[in-house]
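Please look through the structure shown here with some patience, moving from one residue outward to its surroundings and then to a pair of helices.

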Amino acid sequence: MRSEASLARTVAFPRVINIEDLRRLARRRLPSVVFAYIDGGAEDEVTLHENVRAFRDVAFRPRQCVAVPSCDLRTTVLGTPLALPFLLAPVGFCRMFYPRGEAYAAREASAAGTGYILSRFSGTRLEDVREAASGPLWYQLYVPGGRAVAEATIARAKTAGYTGLVVTIDTPVAGMRERDFRHGVRYLLQGRFWASVPHAGQFITRPRWVMDFIADGAPRVFPNVELPDIGSMPCGDVGALLEKTVVTWDDLRWMHDAWKGPIVVKGVHTGDDARRAIDAGAHAVVVSNHGGRQLDGVPASIHALPEVVAAANGQIEVLMDG
């Protein structure tokens with residue numbers, strides 16, 4: 001249920017009443033390849049659809065005849081007060097969807113009183129995102145390029161004022177996202193819009209996106225991943241580098257030494273991994289199947305949640321990736 005104030009705000013944007021409306025507008029604005037990237041999942045998308053369907057199994061148990069003069073959604077996560085009981089999760093390639101998309105998302109998260117988690121694979125410098133936001137920021141970490149490269153970025157994030165480090169553990173390889181192959185994602189990531197004639201039409205029919213993307217510099221690198229002898233990591237190299245730099249539980253030791261702050265382990269599905277995260281010194285875990293974008297066929301996050309909470313046993317905080 002929504003307040004009268006929130007409903008009133010929809011008057012200015014009558015086409016946007018719920019999340020599905022936003023999805024419909026995004027599909028209308030973005031080339032097929034960009035929409036497929038943000039909307040799609042791995043393989044047959046069984047887990048992606050189960051993530052949504054599983055919420056229908058959860059029912060409210062309301063308590064009636066209770067006077068509530070105002071709703072208070074404030075909470076605290078890892079010692080940080082938030083006005084809302086959620087944060088904006090890390091999403092890679094945001095700059096594909098909208099010019100300087102990470103900076104705008106971080107700014108709006110701050111305005112709403114919550115935090116933003118910047119993806120390692122972002123198109124905007126982490127310092128620029130920090131400048132755009134006034135609220136809490138966490139940094140999400142993969143280790144492409146190895147330990148030394150990761151430690152350099154950790155130092156940058158620490159200096160810039162990021163207060164949490166989110167280590168994603170469920171991406172030993174890039175997921176087999178079939179929609180990406182069908183729509184020619186490799187050409188977009190390489191900046192070769194017209195390289196394949198069968199895929200060119202999607203850009204011709206979205207001239208506004210093309211003009212915005214070009215005006216934003218048509219970003220083709222990840223400015224927060226500086227590789228030796230190369231500089232900023234090219235967007236098209238993600239899969240190969242992930243395969244060479246799989247995160248292990250032992251890695252959390254040097255991450256602790258480099259970060260010296262709260263570490264969140266994202267991608268936990270089971271109680272066993274929750275206990276391993278605790279033993280490795282994690283301050284929190286995120287129950288997440290990567291939005292169904294990695295290993296297809298695993299349970300919906302909300303179905304995995306009870307097992308992880310039971311295993312955590314109040315020792316660490318447990319979050320869930322919606």
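In this predicted model, Tyr162 is a good place to begin: leaving aside residues up to four places away in sequence, Tyr162 touches Leu118, Leu126, Val129, Arg130, Leu137, Trp138, Tyr139, Ala157 and Trp259. Tyr162 also belongs to the largest nonpolar core, a set of 64 residues in which Tyr162 and Met255 are the ones with the most contacts inside the core. Among the elements that contribute to this core, helix H8, which spans residues 147-160, gives the most, with five residues. A second core, separate from the one just described, is made of eleven residues, including Leu78, Leu87, Trp138 and Val286.

The next stop is a pair of helices. The axes of helix H15, residues 271-279, and helix H16, residues 301-312, come within 8 Å and cross at roughly 35 degrees, and the crossing in which H15 passes H16 is right-handed. Which residues meet where these two helices pass? From H15 they are Gly271, Ala274, Arg275 and Ile278, and from H16 they are Glu307, Val308, Ala311 and Ala312. Sorted by character, the residues of this contact between H15 and H16 comprise five nonpolar, one polar and two charged.

It remains to ask how confident the predictor is in what has been described. The mean pLDDT of the protein is 90, and 91% of its residues reach 70 or more. Residues 1-11, however, have a pLDDT below 50, and beyond near neighbours in sequence this stretch has four contacts in the model.

Note on methods: Residues are numbered from 1 along each chain as its sequence is written. This is a predicted model: local features need pLDDT of at least 70, side-chain atom pairs count only at pLDDT 80 or more; totals for chains, interfaces and linings use all residues. Side-chain values use heavy atoms; hydrogens and water are left out. pLDDT is the predictor's confidence in each residue, from 0 to 100. Contact means heavy atoms within 4.5 Å. Axes are lines fitted to C-alpha atoms, for helices over the stretch in contact, and angles run from 0 to 180 degrees between N-to-C directions. Helices (H or I, at least four residues) and strands (E, at least two) are DSSP runs, numbered from the N terminus. A crossing is left-handed if the near helix is turned anticlockwise from the far one by less than a right angle, and right-handed if clockwise. Ala, Val, Leu, Ile, Met, Phe, Trp, Tyr, Cys and Pro count as nonpolar, Asp, Glu, Lys and Arg as charged, and the others, Gly among them, as polar. A nonpolar core is a set of buried Ala, Val, Leu, Ile, Met, Phe, Trp, Tyr and Cys residues joined through side-chain atoms within 4.5 Å. Buried means under 20% relative accessible area, exposed over 50%, partly exposed in between (1.4 Å probe, protein chains only).
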